[in-house]
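User: I have a model open and would like to understand the wording used for it. Can you take me through the terms?

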Protein chains: 2
Amino acid sequence: MTSSQDQKKAGAGPFVLSIDAMGGDRGPATVVAGIADSAALNPDIRFILHGPAAELERLVAKRKGLSEVCEIRDAADVVSMDDKPSQVMRNGKKTSMWSTLDSVRNGEATVAVSCGNTGALMALSMIRLRKLPGVNRPAIAILWPSRNPQGFNVMLDVGADIRADARDLLQFALMGASYARNGLALDRPRVGLLNVGTEEHKGRSELKEAHELISQAADGAQFEFVGFVEGGDIPGKKADVIVTDGFTGNVALKTGEGTASLIGDLLKEAFAYSPLSRLASLLALTSLRRLQKRIDPRRVNGGVFLGLNGTVVKSHGSADATGVSAAVKLAFKLAQIGFTDKLAARVASTAALDHDADGFGAKDGTTQ
Amino acid sequence: MTSSQDQKKAGAGPFVLSIDAMGGDRGPATVVAGIADSAALNPDIRFILHGPAAELERLVAKRKGLSEVCEIRDAADVVSMDDKPSQVMRNGKKTSMWSTLDSVRNGEATVAVSCGNTGALMALSMIRLRKLPGVNRPAIAILWPSRNPQGFNVMLDVGADIRADARDLLQFALMGASYARNGLALDRPRVGLLNVGTEEHKGRSELKEAHELISQAADGAQFEFVGFVEGGDIPGKKADVIVTDGFTGNVALKTGEGTASLIGDLLKEAFAYSPLSRLASLLALTSLRRLQKRIDPRRVNGGVFLGLNGTVVKSHGSADATGVSAAVKLAFKLAQIGFTDKLAARVASTAALDHDADGFGAKDGTTQ
């Protein structure tokens, strides 16, 4: 961890991000456009960009000022959306994804960004970055538009693993709270455990056990445990962090996305119905854009892999330049606050419960 | 089953519904208003209404023509939203819910409607109506607004039980297909099994086993099996019936409802933002109402309990008169087509796989 010490201190930029140029549905031109947007807005970002060198050099040269802040690493192979994780783990050494993770592994960057195949990215991240001490299952955390003042809730796991026992759910609570504290600037995040009812006697046995473990850890790890929450609370204001297993979380995420998309299309249909409704939609355009901006998935583009020696931001495969830029913004923020080290300290402090959890916060004057 | 034979033939009304007047958030006046609306629209409906007789007589007398089609059964006690299912099973004999189910049990009605406590209603239904032969776990099925031509997809189980093994999931597929065939008039419903990916190697082991069982049963039970589907397909057009366990289904349902409600509120906010946007909203009112009508949960109010000797429609606890009337409309439709017997035949035909499934359809000239 010492190799990233210099980058760790808040505000002591520039900060280096490792970017996978390949594997997204729209190809490397879109990724380069996205990082160019980010570079133009933020002088403290540096990139290591991974992919076929000749093609990337050409794309980067076209963007004014980008070549000065962007180093290119040649990687000939690409992980496709159809590649099985096991294949990539065996034969993926020359892929841009592998190379991207290795820049984090060797300490050149603390955060990686990829639009590629989620399963392969998680499998490679596990073997190249390895799990943090004390973490059994890493998790993917996402931001979900919500009624809370911060505008978003954290939910995890949304699909790193389909299983989670009580101890895993406790770790998700710790990691999710740390992410909310650092990513959403919430001093004392409220954590809820997803269930089919809020009564303590309800649900599967591992949930009852997790309820108890998380209850006990809450004070030491500086979060508030609000107990069981239901699906309706994911976009609600009862909790800031929603903890669940990767199967349930993945279904909930995709159900929410599908529902939002259906409503959006029905809204368009409703406004296209008659000449009067089309006129109304013109007048309502600003209002509708305001709504769209609020729930636009591109604005919060990026699942974050938690529980590894290094942080990986998974951008949507279909992300456009705006989406890539949003993922880069999130990655930069996490690099700037030294999130990887803070998360590691938080998990370690709870794994060894004799340690006073507050001690870590005191050591560098911040909280994890 | 012989006692309901006379009611079974399609079109041979009137049809008697057993209605629980109590247990909803808005009290019996709302239920009576709802059934009065239904009675005014449909001369073939008859009601047995359960609750405190004096109060119900007063409420029914106020609605013109209702007393002629509505018989009142006195039941002094009410199941509240906080009552535990186990308490109601032990001490609930005098409740309106118990009395409502007993009218189905003794063959006076084939379908029951209640706005009461879901857990208690399912528990009482299990002991009073008993499970259909061949059914291990009954399920709650709901209609979900979708991109399909019929406007809705069926999803089950949304919370009858938090567990489901492969054999239960097969039964959900059979029952869901039968419900879609009869309730949504789809000759050959497409059934999907909810998972975190569409590849056959993905997911929990019981899902892989269920995949195989449902595959094998599809032809005989006259549905098409589209394999694994994801959360985004619940409101999608890939399948008409989505099969899952009650834990996942309940989380998905509440996540979808919560997301739709958040978007609705944000839409209102967006239109209330400025004088111009308020003007736009006036012009857009018709379009917005059209959208609201399309996704209004009151229009498809009613989870249906499947797998019992009798059909139970569970209306939302917070249903207003429009919602109650929608639940009654659904109950009437199911009574009219003799759904309970069709479902029983379908489950039995697959439980005894030697029987030719088509035989049942041929017997009364319809399909199950």
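**How the two chains sit together**

Analyst: Sure, let's start with the pair. A rotation of 180° with 0.0 Å of shift along its axis puts chain B on chain A, with an RMSD of 0.0 Å. The two copies are thus related as by a two-fold rotation axis. Keep in mind that this is a predicted model.

User: What makes you say that the same surface serves both copies?

Analyst: The contact residues themselves: 100% of those in chain B recur in chain A.

User: How many residues of each chain are in contact?

Analyst: There are 47 residues of chain B in contact with 47 residues of chain A. Helix H10 (246-271), H11 and helix H12 (285-295) of chain B each give at least two residues to the side that touches chain A. H10(B) has the largest share of that side, with 19 residues. By class, that side of chain B holds 25 nonpolar, 15 polar and seven charged residues.

User: Why are H10(A) and H11(B) called roughly antiparallel?

Analyst: Look at the angle. The axes of helix H10 (residues 275-283) of chain A and helix H11 (residues 275-283) of chain B cross at roughly 165° and come within 8 Å. Angles over 145 degrees count as roughly antiparallel, so H10(A) is roughly antiparallel to H11(B). As for handedness, the crossing of H10(A) and H11(B) is left-handed.

User: Which residues meet there?

Analyst: From H10(A) you have A:Leu279, A:Ala280 and A:Leu283, and they meet B:Leu279, B:Ala280 and B:Leu283 of H11(B). The residues of this contact between H10(A) and H11(B) split into six nonpolar, no polar and no charged. Leu and Ala both count as nonpolar.

**The sheets**

User: What is the strand order of the sheet in chain A?

Analyst: It's an open sheet of 11 strands, ordered S3-S2-S1-S4-S11-S10-S5-S6-S9-S7-S8 in chain A, and the pairing is mixed.

User: What makes S3 and S8 of chain A edge strands?

Analyst: Strand S3 (70-74) and strand S8 (224-229) of chain A each pair on one side only. From one strand of the chain A sheet to the next, the twist averages 25°.

User: How do you know that S10 and S11 of chain A pair, and in which sense?

Analyst: Count the bridges. Two strands pair if there are at least two bridges between them. Strand S10 (residues 303-306) and strand S11 (residues 311-314) of chain A have three, in the antiparallel sense. You can look at A:Val304, which stands opposite A:Val313 in S11(A).

Helix H8 (residues 205-218) of chain A packs on the sheet, where it touches strand S7 (190-194) and S8 of chain A. The direction of this helix makes about 165° with that of S8(A).

User: And what is the order in chain B?

Analyst: Chain B has an open sheet of 11 strands with mixed pairing, in the order S3-S2-S1-S4-S11-S10-S5-S6-S9-S7-S8. Strand S3 (70-74) and strand S8 (224-229) of chain B have a single partner strand each, so one side of each has no neighbour in the sheet.

User: In what sense do S4 and S11 of chain B pair?

Analyst: Strand S4 (residues 111-114) and strand S11 (residues 311-314) of chain B pair in the parallel sense, over four bridges. B:Ala112 stands opposite B:Val312 in S11(B).

User: Where does helix H2 of chain B lie?

Analyst: Helix H2 (residues 27-41) of chain B lies across strand S1 (15-20), strand S2 (45-51) and S3 of chain B, and runs at about 170° to S2(B).

Terms used
Residues are numbered from 1 along each chain as its sequence is written. Chains are lettered from A and ligands numbered from 1 in the order in which they are written. This is a predicted model: local features need pLDDT of at least 70, side-chain atom pairs count only at pLDDT 80 or more; totals for chains, interfaces and linings use all residues. Axes are lines fitted to C-alpha atoms, for helices over the stretch in contact, and angles run from 0 to 180 degrees between N-to-C directions. Angles under 35 degrees count as roughly parallel, over 145 as roughly antiparallel, 65 to 115 as roughly perpendicular and the rest as oblique. A crossing is left-handed if the near helix is turned anticlockwise from the far one by less than a right angle, and right-handed if clockwise. Two residues are in contact if their C-beta atoms, placed from the backbone, lie within 7 Å. Copies are superposed by least squares on the C-alpha atoms of residues with pLDDT of at least 70 in both.
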